[in-house]
Amino acid sequence: MSKPVDVVVMAAGKGTRMKSQRPKVLHRIGGRALAQHVIDCAARLSARSVVVITGHGAAQVEAALRAPAAMSLRFVRQEPQLGTGHAVQQAVPLLADDGLTLVLSGDVPLTRPETLQALVDLGAGEHPALLTLDLPDPTGYGRVVRGADGSVQAIVEHKDATDAQRAITEIYSGIMVVPTRLLRGWLARLDNRNAQSEYYLTDVVKFAVADGCTVKAHRIDDAVQVAGVNSPQQ
């Protein structure tokens, strides 16, 4: 029997490039807030629950978002904001160990439910699985580092990457699914010894590999599905 999916939506960022008083994830596309598209996608995936991590404009974001009656919607606040790993650490107390944690971004509105289902299926309830993509210009994105046998070994953030790693064009989309009981332990091991002094969620990949856990990657070729919105033009 497949494990229940609990979705964590990252929605704490300020979105300064939007040049607006409105929190970034509440800017509208197609008549709905960016983050509402993400929640609606989770509903189509038959997720058990959604936990939205808020920060900038938290009260406004929490008041604006809704979930179908069948799906639990809860909020946690990330204050201060110390990185993506720190964000998910705030959500972990609300997640049950019998499920899978699917991490999504509140400013990435066009991911398709079938893409997320394929990612969940790839992990098979036992393995971390990453949504990845090849980009001609991967500047700014975390690079997917593979071993000689093609297996995923790590995600290295752009600012921490060597020149050789920056030449890698396969990038991490910001979307991953991890068995919650394993994620809990890996999050507890995070540190902020890196170029940005932040707690990176991506470091759970190297911990998984170190613990002998195979990390899967679902590589897609549709960049629109993982495109984030950083400006009104986008």
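**Exercise 1.** Is Cys-213 buried or exposed?

Solution. The model is predicted: local features need pLDDT of at least 70, side-chain atom pairs count only at pLDDT 80 or more, and totals for chains, interfaces and linings use all residues. Residues are numbered from 1 along each chain as its sequence is written, and side-chain values use heavy atoms, without hydrogens and water.
1. Take the cut-offs: buried is under 20% relative accessible area, exposed over 50%, partly exposed in between (1.4 Å probe, protein chains only).
2. Cys-213 has a relative accessible area of 15%, so Cys-213 is buried.
3. Cys-41 is at 7%, so Cys-41 counts as buried.

**Exercise 2.** How many disulfides does a search of the whole structure find?

Solution.
1. The criterion is a pair of cysteine sulfur atoms within 2.5 Å.
2. The search returns 0 disulfides.

**Exercise 3.** Describe the lining of the largest pocket.

Solution.
1. A pocket is an open set of points on a 1 Å grid over the protein atoms alone, where a 1.4 Å probe fits, with protein on both sides within 12 Å along at least five of seven lines; lining residues have an atom within 4 Å of a point.
2. The lining has 41 residues. Nearest the centre are Lys-24, Thr-84, Ser-105, Asp-107 and Asn-230.
3. Sort by class: 14 are nonpolar, 20 polar and 7 charged. Nonpolar covers Ala, Val, Leu, Ile, Met, Phe, Trp, Tyr, Cys and Pro; charged covers Asp, Glu, Lys and Arg; the others, Gly among them, are polar.

**Exercise 4.** Which residues lie closest to the centre of the second largest pocket?

Solution.
1. Of its 15 lining residues, pick Ser-2, Lys-3, Val-5, Gln-117 and Val-120.
2. By class, the lining has 8 nonpolar, 4 polar and 3 charged residues.
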